[in-house]
Amino acid sequence: MVAGVTAATPLAAADDKLKQKKHHAHAQVQAAQGDLHESSKALVAAANRLNRARAALASAQRRLAVAQKNADAAARLDAQMQARLQVAEHRLAAARVALDVARQRVADQRAAIGRLAASNYANGDPGLMGLSVMLNSQDPAEVTMQMNTVTALMSRQTTLLEELRIARARMVVEEAKVEKARAEVAVQRQAAAENLVRKQGLERAAARARAEVGTLVIRARYADYVAARARRADLKQLRAAKKQEERIRQLIIERARRQHGGYKGDTGGFLFRPVPGAVTSPYGWRRHPIYGYWGLHDGTDFHAPCGTPERAGASGTVISKVWSDVYGNRLYLDIGRVNGKNMTLVYNHMSSYAASSGEHVRRGEAVGYAGSTGWSTGCHLHFTVLLNGNPVDPMHYM
């Protein structure tokens with residue numbers, strides 16, 4: 001049993017680490033989603049256009065690379081086909097020359113046989129001449145000489161006939177070679193013509209891809225320019241919002257100096273949850289998903305559909321209702337001293353207010369309604385808790 005417990009402990013620890021990693025990853029996703037709510041609509045739209053333009057450009061560049069590769073391959077194949085066609089045409093030309101030589105040889109052999117036939121006609125058949133010599137001649141030496149002459153004539157006739165047969169056979173072979181070469185040339189010409197059409201089509205596709213890339217480069221540059229312009233406008237608004245926050249912070253500090261007493265004790269559960277929705281982005285430091293800078297997300301974002309009542313976290317006095325290009329409609333609720341420090345609750349991105357400046361509200365009472373004003377891409381509540389004007393994690397008080 002001890003061994004079983006010992007073996008189970010590392011598995012349990014590993015499981016806890018896995019759960020922690022999963023929770024951390026989920027929190028990062030929620031934080032990124034929440035940060036997008038804090039970006040201006042103009043910047044989000046510009047960033048989205050820029051991302052789409054860059055993605056389209058990358059896709060077009062990939063298509064261009066493929067089209068150019070195919071066009072280059074077709075060009076290389078075309079060069080190879082042209083070379084093969086030239087070889088085939090040279091082979092055909094050589095075969096035709098050889099055929100002409102073979103035909104001439106046949107003609108020469110026929111002419112030689114014709115001359116021999118004419119000589120035989122004039123002088124008599126060599127075979128009959130030999131028989132006549134043997135019958136009429138009395139001198140053996142003369143018979144031998146005459147028979148040698150007859151044999152030479154007969155051999156010459158046989159040779160001419162054999163040479164004619166060989167010449168005819170060679171001519172047939174050369175004719176077959178010519179036909180084969182002619183067929184090969186026809187095939188090569190057809191293949192080269194088809195590849196030329198394909199090559200021209202691929203070259204047109206590559207040209208279209210190059211034109212598309214050029215257009216998308218211009219579009220991406222313009223989208224980049226628009227995003228940069230939106231960023232400059234946002235930074236200007238952000239600086240104005242920071243100045244506004246600093247003025248209100250000084251107001252809070254001045255009020256804190258005049259306050260006495262207040263709540264002392266455990267702050268866990270001290271604040272009433274302002275909306276029932278889940279946390280979509282927690283308080284903390286993180287990198288902005290669009291701007292890329294490292295900054296403090298100074299509150300907690302809650303899911304809150306448009307028009308959801310936003311409740312007072314504790315009883316207090318509305319000290320300011322102010323518009324901010326960044327935070328939209330904002331409401332500051334001063335709830336007095338908590339463990340010796342002034343606590344002020346800030347409600348951001350409201351669609352409208354339910355309480356007026358100077359009005360005292362009770363814990364859980366509606367002070368406004370959820371909206372998407374300012375830098376926001378969807379209705380939600382960005383809830384901030386300030387202690388002596390400085391932001392702290394709201395969830396430590398719920």
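## Salt bridges

Let's start with the charged pairs. In this predicted model, the count of salt bridges comes to six. A few of them are worth walking through one by one.

## Glu-245 and Arg-330

Take the side chains of Glu-245 and Arg-330: they meet in a salt bridge, with N and O 3.3 Å apart. Glu-245 belongs to helix α4 (residues 140–258), while Arg-330 sits in strand β7 (residues 328–338), so this pair ties together parts that lie 85 residues apart in sequence. Buried or exposed, what are Glu-245 and Arg-330? Both of them are buried.

Arg-330 has another contact to look at. It lies over the face of Tyr-327, 4.0 Å from the ring centre. So for Arg-330 you have a carboxylate partner in Glu-245 and an aromatic ring, that of Tyr-327, under its charge.

## Glu-254 and its two arginines

Further along in helix α4, look for Glu-254. Its side chain meets that of Arg-257 in a salt bridge, at 2.8 Å from N to O. Glu-254 and Arg-257 are three residues apart in helix α4, which means about one helical turn separates them.

Glu-254 also forms a salt bridge with Arg-258, and here the closest N and O atoms are 3.5 Å apart. These two are four residues apart in helix α4, so again the separation is about one helical turn.

How open are these side chains? Glu-254 is partly exposed, with a relative accessible area of 35%. Arg-257 counts as exposed because its relative accessibility is 59%, and Arg-258 counts as exposed too, at 52%.

## A shared network

Which residues do salt bridges with shared partners join into one network? They are Lys-242, Glu-245 and Arg-330. Two of these names are familiar: Glu-245 and Arg-330 are the buried residues from above, bridging helix α4 and strand β7.

## Aromatic pairs

Now for the rings. How many aromatic pairs does the structure hold? There are three. Ring pairs also link Phe-302, Tyr-347 and Phe-383 into a cluster, so select those residues together if you want to see it in the structure.

Key:
Residues numbered from 1 in each chain as written. Predicted model: local features only at pLDDT ≥ 70, side-chain atom pairs only at ≥ 80, totals over all residues. Heavy atoms only, no water. Salt bridge = Lys/Arg side-chain N within 4 Å of Asp/Glu carboxyl O. Buried < 20%, exposed > 50% of the residue type's maximum accessible area, 1.4 Å probe, protein only. Phe/Tyr/Trp six-rings, centres within 6.5 Å; stacked < 30°, edge-to-face > 60°. Lys NZ or Arg CZ within 6 Å of the ring centre and 35° of its normal.
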